[in-house]
Amino acid sequence: IMAHKIKNLEITISDDKGTFSAFFKRIAGEKADYDFKGIASLRSLLSNEKARIIHTIKSRSPKSIYDLAKILGRDFKAVFEDIKFLEQFGIVDLVKEKTGGRERLKPINIIDSIKINLKF
């Protein structure tokens, strides 16, 4: 059995002349880090709906984005957009699975924690 490797997302928020800027860094990830000006991306990332999605993926292991939307009782398009946003930050990955003649994207969590640093 392969040991589970803990993957983290580190977010550093710093004061930049009276405004916050955020730097997103993946720890133990292969993809590039993200440097965003402003804090709007962080606010969107830490919304209650995104938290519900992450929790539901972890606890219910939905078979597809459609299945996730049904579990959440939300519109498919809105859930799909939230999933794509979480994928951009390296929190969720979409795994292609074939069943019968159909292919679907199964959402999976790929990080275990998010660390937020505030620098002033």
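A residue is called partly exposed when its relative accessible area falls between the limit for buried residues, under 20%, and the limit for exposed residues, over 50%. In this predicted model, F80 belongs to that intermediate class, because its relative accessible area is 30%. F76 likewise counts as partly exposed, since its relative accessibility is 39%.

These two phenylalanines also form an aromatic pair. The structure holds 2 aromatic pairs, and in the one made by F76 and F80 the ring centres lie 6.0 Å apart while the planes meet at 25°, so the pair is described as stacked. Planes under 30 degrees apart count as stacked, and the angle of 25° between the rings of F76 and F80 therefore places the pair in that class. Both residues lie in helix α4, and because F76 and F80 are 4 residues apart there, about one helical turn separates them.

Helix α3, which spans residues 65-72, has I65, D67, L68, A69 and L72 as its buried residues. The buried residues of α3 pack against two helices, α2 (48-60) and α4 (76-88), and against two strands, β4 (92-99) and β5 (102-109). At the N-terminal end of α3, S64 acts as a cap, with a side-chain oxygen placed 3.4 Å from the backbone nitrogen of Y66. Just beyond the other end of the helix, G73 adopts a positive phi of about 70°.

Within helix α3, L68 may be considered in further detail. L68 has a relative accessible area of 0% and is therefore buried. When neighbours within four places in sequence are set aside, the residues in contact with L68 are I53, T56, I57, P62, V79, I83 and P107. One of these contact partners, T56, stands 12 residues away from L68 along the chain, yet the C-alpha atoms of T56 and L68 are separated by 7.5 Å.

The two strands against which the buried residues of α3 pack, β4 and β5, are also paired with each other. Strands β4 and β5 run antiparallel and are joined by 8 bridges. Together, β4 and β5 form a hairpin in which 2 residues lie between the strands, and G100, situated in the turn, has a positive phi of about 65°. Across this pairing, K98 is found opposite E103, a residue of β5.

Key
Residues are numbered from 1 along each chain as its sequence is written. This is a predicted model: local features need pLDDT of at least 70, side-chain atom pairs count only at pLDDT 80 or more; totals for chains, interfaces and linings use all residues. Side-chain values use heavy atoms; hydrogens and water are left out. Buried means under 20% relative accessible area, exposed over 50%, partly exposed in between (1.4 Å probe, protein chains only). Contact means heavy atoms within 4.5 Å. A polar contact is a pair of N or O atoms within 3.5 Å; within protein, one must be able to donate a hydrogen and the other to accept it, and residues adjacent in sequence count only if both atoms are side-chain atoms. Two strands pair if DSSP finds at least two bridges between them. Rings of Phe, Tyr and Trp (its six-membered ring) pair if their centres lie within 6.5 Å; planes under 30 degrees apart count as stacked, over 60 as edge-to-face and the rest as tilted.
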